[in-house]
Amino acid sequence: MGYLSLKDVTKRFGDVTAVNRVNLEVERGECFSFLGPSGCGKTTTLRMIAGFEDLDEGELSVDGKVFSSSYKKYYLPPEERDFGMVFQAFAVWPHLNVYRNVSFPLEIRKLPKHEIHERVTRALKYTGLAKQENTYPKQLSGGEQQRIALARAIAINPKVMLLDEPLSNLDPKLREEMRFEIKDLQRKFDLTIIFVTHDQAEAMALSDRMLVMRDGTVQQVDTPLGIYDRPENEFVFSFIGLSNFIPVESNGKGFFVRGAEFSGDPLLRPDKPGKRFKMACRPSEISLARGGEGVEATVARRTYLGDMVDYLATVGGTEIRIQKPRRDALLDEGERCRLTFNKARWFPSQ
Ligand SMILES: Nc1ncnc2c1ncn2[C@@H]1O[C@H](COP(=O)(O)OP(=O)(O)O)[C@@H](O)[C@H]1O
Ligand SMILES: [Mg+2]
């Protein structure tokens, strides 16, 4: 059993099932992300872990101890769970300086003065705020304010850090920097982190493992690479990175892109039985060349993306996106070309 364990966890708001029988095991010391579109139930799941919401069904335990259970009619209040939390909005107290923003929750817990000082100093040091301890939040940038919230969460010595889109209100450059800082804090404080985001790049960069959610249900739990390379369904594939879904059909002798003439050797080989599929490929997994083997196509559009060139090719009526490094031979718009598919995943098609 994992360190943090969710069994059949369900939450309803009226007719809406926000979280639907979620099963999940998070290991100690792991940085684990919840990824999914807005409204899929990430925050609700996190709030049930924190204890701000009770669950309608299921059980939630940490380190072998039950925290919420519909079976045992048990619910441990949030203040007894020892979790650190950081939210999307910069939740700082404007009338307290940086030091007191971090020390205040510890004062409420009536910790000894010297211990408060030790913990606050350490948390400020590791979040790069030591020099600003006497400053008030309004004099600080958004990034620095979010660091206060992180420092405050760390100073609690939390069992688990729960972060709900903590970087969404920061500008892109700072957001990227903060990702590294959060990874750093995870290592230094040996934290177990649950990180909620709708940003796939953020989840890929931060996570040891991640959960992809849709409509309150678990779609896949895997490492970032596993999610990218071995998506369990179409939703996961299309939510992560750029995707092509190419209709593919067998004529009895071989498979071809639907609507395009079948010619030469069958180049497409599904890894499962069936006659019709959607072949899923990333734009980088398709080769495009002037001649040679492959499926015949036409270059419909060419766009430069810095070091990459983005092509839109058409095969029959199907549009296919392909990305190649700019140093590769260029093809022109309108030119005939050949496509080879270096990697594909096969999904059912009607
Ligand atoms: N307090 C609430 N009352 C009613 N519906 C809610 C409440 N909180 C969340 N929901 C609904 O539950 C679903 C999941 O919401 P949420 O967990 O906030 O999603 P996410 O964080 O993934 O965007 C949504 O349909 C949302 O409207
Ligand atoms: Mg949310």
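## Salt bridges, to begin with

A salt bridge here is a side-chain nitrogen of Lys or Arg within 4 Å of a carboxyl oxygen of Asp or Glu. Side chains of opposite charge can pair when their charged atoms come close. Please keep in mind, as you look around, that this is a predicted model.

By this rule the structure holds 28 salt bridges. Let's visit one of them: Arg28 pairs with Asp63, and their closest N and O atoms are 3.4 Å apart. This pair ties together distant parts of the chain, with 35 residues separating the two partners. Arg28 sits in the loop between strand 2 (16-26) and strand 3 (31-35), while Asp63 belongs to the loop between strand 4 (57-62) and strand 5 (65-69).

## Two domains

Now for the overall layout. The protein is divided into two parts, with domain 1 covering residues 4-239 and domain 2 covering residues 244-348. If you take the C-alpha centre of each domain, the two points lie 41 Å apart.

## Where the domains meet

The domains do touch: nine residues of domain 1 are in contact with 10 residues of domain 2. Between them, domain 1 and domain 2 bury about 840 Å², and 55% of this area is on carbon and sulfur atoms. On the domain 1 side, the residues that lose the most area to domain 2 are Tyr228, Glu234 and Phe237, which together make up 73% of what that side buries.

Charged pairs appear here too, as the rule finds two salt bridges across the interface of domain 1 and domain 2. Glu234, already met among the residues losing the most area, also has a salt bridge of its own: its side chain meets that of Lys278 at 3.0 Å, N to O.

## The largest pocket

Another place to explore is the largest pocket, which has a volume of about 460 Å³. Its lining is made of 20 residues, and those nearest the centre are Phe52, Phe83, Met85, Arg109 and Ile156. Strand 7 (83-86), helix 2 (98-108) and helix 4 (142-155) are the elements that each give two or more residues to this lining.

Which element gives the largest share of the lining? That is strand 7, with four residues. As for character, the lining divides into 15 nonpolar residues, four charged ones and one polar one.

Notes. Residues are numbered from 1 along each chain as its sequence is written. Chains are lettered from A and ligands numbered from 1 in the order in which they are written. This is a predicted model: local features need pLDDT of at least 70, side-chain atom pairs count only at pLDDT 80 or more; totals for chains, interfaces and linings use all residues. Side-chain values use heavy atoms; hydrogens and water are left out. On a 1 Å grid over the protein atoms alone, a cavity is a set of points where a 1.4 Å probe fits but cannot get out, and a pocket is an open set with protein on both sides within 12 Å along at least five of seven lines; lining residues have an atom within 4 Å of a point. Grid points are joined across faces, edges and corners, and a volume is the space filled by probe spheres set on the points. Ala, Val, Leu, Ile, Met, Phe, Trp, Tyr, Cys and Pro count as nonpolar, Asp, Glu, Lys and Arg as charged, and the others, Gly among them, as polar. Domain bounds come from an automatic or database domain assignment. Contact means heavy atoms within 4.5 Å. Buried area is the accessible area (1.4 Å probe) that two parts lose on being put together, summed over both.
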